[in-house]
Amino acid sequence: MILRNTLALILGLALLAACAERAPEGVALVGATVIDGTGRPPLRDAVVVVRGNRIASIAPRAGFEPPRRMTVVDVSGRWIIPGLIDAHAHVERWALPRYVAFGVTSLRSVHGRMDSALALRDEVNLGGTAAPRIWSAGAMIDGVPPTWPDALEAADERGGRRAIDTLVAAGADFAKLYTRIDSRRMRAILDEARTFGLPVSAHLGLTDALTATSLGLGAIEHMSGVPEAAARDPERYYAAHRQNFFSGWTAFERGWADVDSASLHRVARVLAERGTILVPTMVLHDTYSRLDDPAIYTDDALSAVPRPEIERWNTSEMIQRAGWTTEDFADFRKSRPNQELFLRLFRAEGGVIAAGTDASNQQLVPGASEHRELELLVQAGLPPEAALAAATRNAAALLGVDSIGTLGAGRVADLLVLSADPLRDIRNTRSIEYVMLRGTLYPADSLRAGW
Ligand SMILES: [Zn+2]
């Protein structure tokens, strides 16, 4: 018996030694310019060493001698940035490989069917598949009747507290409130969420942005509640929000053109002072203001969307349901300059902006929309560095984590190797050669070959 155990031990040790002999000791990405996402100047001709799923070091190449078994990848003349984070996603399983191929390595999932949204998060986060890491709100909390059937319903303040308890019990990472939550219910919901330390964000409708943040709301989706807060007479907006979702959206989206810059500035200043994080989803505003433009339906990025999904989108039916006319779209486009102005004012006041897309809702392609969002943030007046921060560091801050969003020793090895400089032209974030997802390096071509 003892002999057998000893034999097993010797065999085991021999196996271990053999494994150690063969196992590569990490990966070194050599020669790229590293934009680490902290705001520090780029580091030229750098070496990024990755061991397991973490970054071991980032240092100048000079004097670097790779250990014997380290895999060395020559990326000279390239740029390395942190993996991107889509801070407003409606995550579907088919979309996961698309996100990765477009360099989106983490997702903030803002609404889905409660059980399946959390199950997908757990499955993905426990590893195995090459998919972005997911932080999930489970299902959104809405009024009665809810806008979408799979929302948690808060009929009153007690119902609001119960909805938060449901999310906490189910293990949601944050709560997302929807347009039919008025300020009374919001107060109760935020109070309950504070008890559990659950972060809360909202797509506002029946509560304006200043009231909501005065009650403790931490983040706002789509810049919702801003025209309501800036308007002299917000009642017409609330009447529209009460009517149904689309009439609320139409009034809100049109309203931007009616508010003056001083009022926008006042709202921007207070939100920034309160530390509110905005997920403006400029790509949603831009795309939905041009749904009467045929180019929207022939965009190259749509080739990444499976045919059945495009059929499920049925965008023309949605336009019909919303009752949008050519004049509505023209009005939405008139609002775009004030939306951009508001974003500039908010940033100038020190406000934090996170990049989100609302994919995979109609015409918003998972992954591709994130690059469009970056482009639109720059178009709104953000420097490329700030746009990049919105999709990395700021989105990580919104998730409440510091292990992603910037590159440095000890951080998760989620990064992109680009063939062109994103700080010279933000559209260069699309020039992805490699995606490193939790330490595994994928050539972008191989990821795109899957569909
Ligand atoms: Zn959404």
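**Exercise 1. Find the bridge partner of W79 in β16, then follow the pairing of β16 to its other partner strand.**

Start at W79: the residue bridged to it in β16 is L418. Keep in mind that you're looking at a predicted model.

Next, zoom out to the strands. β5 covers residues 79–82, and it pairs with β16 in the antiparallel sense over 4 bridges.

Now go to β17. It runs antiparallel to β16, and 4 bridges join the two. A handy landmark here is V417, which sits opposite Y434 of β17.

Last, check where the side chains of β16 (residues 415–418) go. L415 and V417 point one way, L416 and L418 point the other way, and all are buried.

**Exercise 2. Work out what kind of connection links β2 and β3, and say which turn residue has a positive phi.**

First, the pairing: β2 (residues 43–51) and β3 (residues 54–60) run antiparallel and are joined by 6 bridges. V50 is placed opposite I55 in β3.

Then the connection: the two strands make a hairpin, with 2 residues between them. The turn residue you want is G52, whose phi is about 65°.

**Exercise 3. Give the strand order of the open sheet built from β6, β7 and β8, and explain why two of its strands have a side without a neighbour.**

Begin with the order, which is β6-β7-β8, with parallel pairing. β6 (84–89) and β8 (133–136) are the edge strands; each has a single partner strand, so one side of each has no neighbour in the sheet. From one strand to the next, the twist averages 20°.

Now look at one pair closely. β6 and β7 (residues 104–109) are parallel and share 4 bridges, with L84 opposite V104 of β7.

Finally, add the helix. α3 (residues 114–125) packs on this sheet, where it touches β7 and β8. The direction of α3 makes about 150° with that of β8.

**Exercise 4. Describe how domain 1 and domain 2 meet, and where the largest nonpolar core lies.**

Step one is the bounds: the domain assignment gives 2–81 + 410–448 as domain 1 and 84–399 as domain 2. Their C-alpha centres are 34 Å apart.

Step two is the contact: 19 residues of domain 1 are in contact with 18 residues of domain 2. On the domain 1 side, β17 (432–437) and α18 (444–448) are the elements that give two or more residues. That side splits into 11 nonpolar, 4 polar and 4 charged residues.

Step three is the core. The largest one has 129 residues, and among those with the most contacts inside it are I80, I141, A354 and A395. Both domains give residues to this core, so it lies between them. Pick A395 as an example: beyond its neighbours within four places in sequence, its contacts are I85, A87, R108, A354, A355, A390 and G405.

A second, separate core has 5 residues, including Y237, F245, W249 and F252.

**Exercise 5. List the buried residues of α9 and say what covers them.**

Run along α9 (residues 245–255) and you'll pick out F245, G248, W249, T250, F252, E253 and G255 as buried. Their cover includes α7 (226–230), α8 (235–243), α13 (315–322) and α14.

**Exercise 6. Are L343 and V259 buried or exposed, and what do they touch?**

Take L343 first; you'll find it in helix α14 (residues 326–348). The cut-off for buried is 20 or more other C-beta atoms within 10 Å. L343 has 24 C-beta neighbours inside 10 Å, so L343 counts as buried. Not counting residues up to four places away in sequence, L343 touches P280, I353 and A380. G381 is 38 residues from L343 in sequence, yet their C-alpha atoms are 8.2 Å apart.

Now V259, in the loop between α9 and α10 (261–273). With 21 other C-beta atoms within 10 Å, V259 is buried too. Setting aside neighbours within four places in sequence, V259 is in contact with P227, A230, A231, L264 and N338. V226 lies 33 residues from V259 along the chain, and 9.7 Å separates their C-alpha atoms.

Technical notes
Residues numbered from 1 in each chain as written. Predicted model: local features only at pLDDT ≥ 70, side-chain atom pairs only at ≥ 80, totals over all residues. Pairing = 2+ DSSP bridges. Axes fitted to C-alpha atoms, helices over the stretch in contact; angles between N-to-C directions. Contact = placed C-beta atoms within 7 Å. Core = buried A, V, L, I, M, F, W, Y, C linked by C-beta atoms within 7 Å. Buried ≥ 20, exposed ≤ 12 C-beta atoms within 10 Å, placed from the backbone. Domains from an automatic or database assignment. Nonpolar A, V, L, I, M, F, W, Y, C, P; charged D, E, K, R; others polar.
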